[in-house]
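Could you take me around this structure, one selection at a time? I have the viewer open and would like to know what to click next.

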Protein chains: 2
Amino acid sequence: MSLLSIGTVAFDNIETPVGKVERVIGGACTYISIAASYFTKDLMISSIVGGDFPDTELKYLQKRGINLDGLEVIKEGKSFFWGGKYHDNMNKRDTLFTELNVLDDFNPKLPASYKTAKYLMLGNLTPDIQMKVIKQMKKQPKLITLDTMNFWMDIAMPSLKKVLKKVDVLTINDEEARQLSEEYSLVKAAAKIFKMGPKYLIIKKGEHGAMVFHKDKIFFAPALPLTLVKDPTGAGDTFAGGFMGYLASVNKVNWEAIKTATIYGSVMASFCVEDFSINRLKTLKKGEITKRVKEFERMVKFKM
Amino acid sequence: MSLLSIGTVAFDNIETPVGKVERVIGGACTYISIAASYFTKDLMISSIVGGDFPDTELKYLQKRGINLDGLEVIKEGKSFFWGGKYHDNMNKRDTLFTELNVLDDFNPKLPASYKTAKYLMLGNLTPDIQMKVIKQMKKQPKLITLDTMNFWMDIAMPSLKKVLKKVDVLTINDEEARQLSEEYSLVKAAAKIFKMGPKYLIIKKGEHGAMVFHKDKIFFAPALPLTLVKDPTGAGDTFAGGFMGYLASVNKVNWEAIKTATIYGSVMASFCVEDFSINRLKTLKKGEITKRVKEFERMVKFKM
């Protein structure tokens, strides 16, 4: 089934304890759509780049089955550019700079073919832009997932709460869930967030895995402990891409499918962090994904 | 099978965001042995208390099948007394005071009947005392588990490393595993720690669950998200008690048994934190444990 993703397509400067890279390919929408492309080829993205974004990279996305009709290219503009530095604890990072560039004027206008997408992934952007995309949909998508962050909770909570009313799945981290709900217990936080709109709450906890809350049910997806995490950038977006890509491919939205999708999302994220930028996602083979899903299953299986 | 546990039997003052209690029953050995008593009745403890420790509490332990022949009572002395305060994030706590009292002179002398125990649980104490207990064993126990903390790594690393050579299972948290191994990746940390002696490394991560490393295998036990955590004191000891109690009851030490034991340990810990002190452990029913183990299984099960 068709999956429309929105988010940034961008450049990143990244520094981790393991190394340093400059002007590499990044952006939420890039990670989301590449990860999803391992599950389905009916993919569209809505984003914006400047004339400086390499043609070869756009061609790579197209080769992976990603429709770029909704990717605005501002020839005379510059692409969104972000720089960040990770410390010993890869869970924490500092933003070194943020150059919005063409993103400052991003006002998504969906091509007609996008407006009937069955699955909609709203990558991390201003809640207002996320809302604009929902409003352009001709038919209610089967599933809308929204990713956001504490930044929007700090400066745009009312807009965020408006868009939350329209979404089915919310993906945030544990601190953000606590900030949004003003509850410390994640069980209580989930109950409050369900009242804001989402039916599913996915809490991304980095090296501690991910949790899904739905009604009174809880699912716990482990994270694969890795010998070497090179670069955590894009892990959350890659998670979302694997999650939505899997759901779009099986075209089912129920508790069982959501759980399996969460594992696929976690598996894709575990590959993402093995190398800088989208490097590992580019070399990934289908068989490696299946093999790692089995590892995840082995990691949690026990006999009573 | 017989399980010998050593550790403190003590009083605690505890303050959490939920409430405050004074001079309640605490101590690693108390939590370990009560938790283990839900699995086996062949239990012995080696510890020390002062004349101020209530007789009713000692009788309660005996009623649960715990042999107190190795519990030294110093009539004119005072029991170990610890005070701690937990902040909003229940994972962090400040020690308010530590009165060693009779613990200062603790020099465990095992009764003859203790020296052939099949399972040995060395609760958190100075590595020297842990070593003294191992040396008194007449026969090599089938399994020795050692719990320790960063404090001993800071002030007694050489002694700790000596005792580590003698143990099969080490239980610590993720920060401690990193401190002990000087490796950030837990996979690398585990590999280094195996070279120090232990065959199994259990990493306790509080609300993020627990992980077990063994050779190249990894097991991930979730934590049950609770509506209300009242008091995390003793959760790690209760984990160890459930873990060792289960193993002693099935009398098997292999990967499958270790995984199941880790789940039982996590389940016992999830009860422990529901109330202050040993209150919840005192009211617990066997059926509640089985029910919660099933919940843990449901929490991680997915279809590929």
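Here is a short tour of a predicted model, starting with the two chains and ending at a single residue.

**Stop 1: both chains.** Colour chain A and chain B separately. A turn of 180° with a shift of 0.0 Å along the axis lays chain A on chain B, and the RMSD is 0.0 Å. That is how a two-fold axis relates two copies.

**Stop 2: the interface.** Now select the residues where the chains touch: 27 from chain A are in contact with 27 from chain B. On the chain A side, four elements each give at least two residues:

- α7 (186-196)
- β13 (217-221)
- α9 (255-272)
- α11 (286-300)

Try colouring this side of chain A by residue type: 16 residues are nonpolar, seven are charged and four are polar. Which surface does each copy use? The copies meet through the same surface, because 100% of the interface residues of chain A are interface residues in chain B too.

**Stop 3: A:R64.** Next, centre the view on A:R64, in the loop that lies between α2 (55-63) and β5 (66-74) of chain A. A:R64 has 16 C-beta neighbours inside 10 Å, so it counts as partly exposed; the buried class would need 20 or more, and the exposed class 12 or fewer.

Show its surroundings as well. If neighbours within four places in sequence are left aside, A:R64 is in contact with A:I34 and A:S37. Finally, draw a distance from A:R64 to A:K282: they are 218 residues apart along the chain, and their C-alpha atoms are separated by 9.9 Å.

Technical notes
Residues numbered from 1 in each chain as written. Chains lettered and ligands numbered in written order. Predicted model: local features only at pLDDT ≥ 70, side-chain atom pairs only at ≥ 80, totals over all residues. Least-squares fit on C-alpha atoms with pLDDT ≥ 70 in both. Contact = placed C-beta atoms within 7 Å. Nonpolar A, V, L, I, M, F, W, Y, C, P; charged D, E, K, R; others polar.
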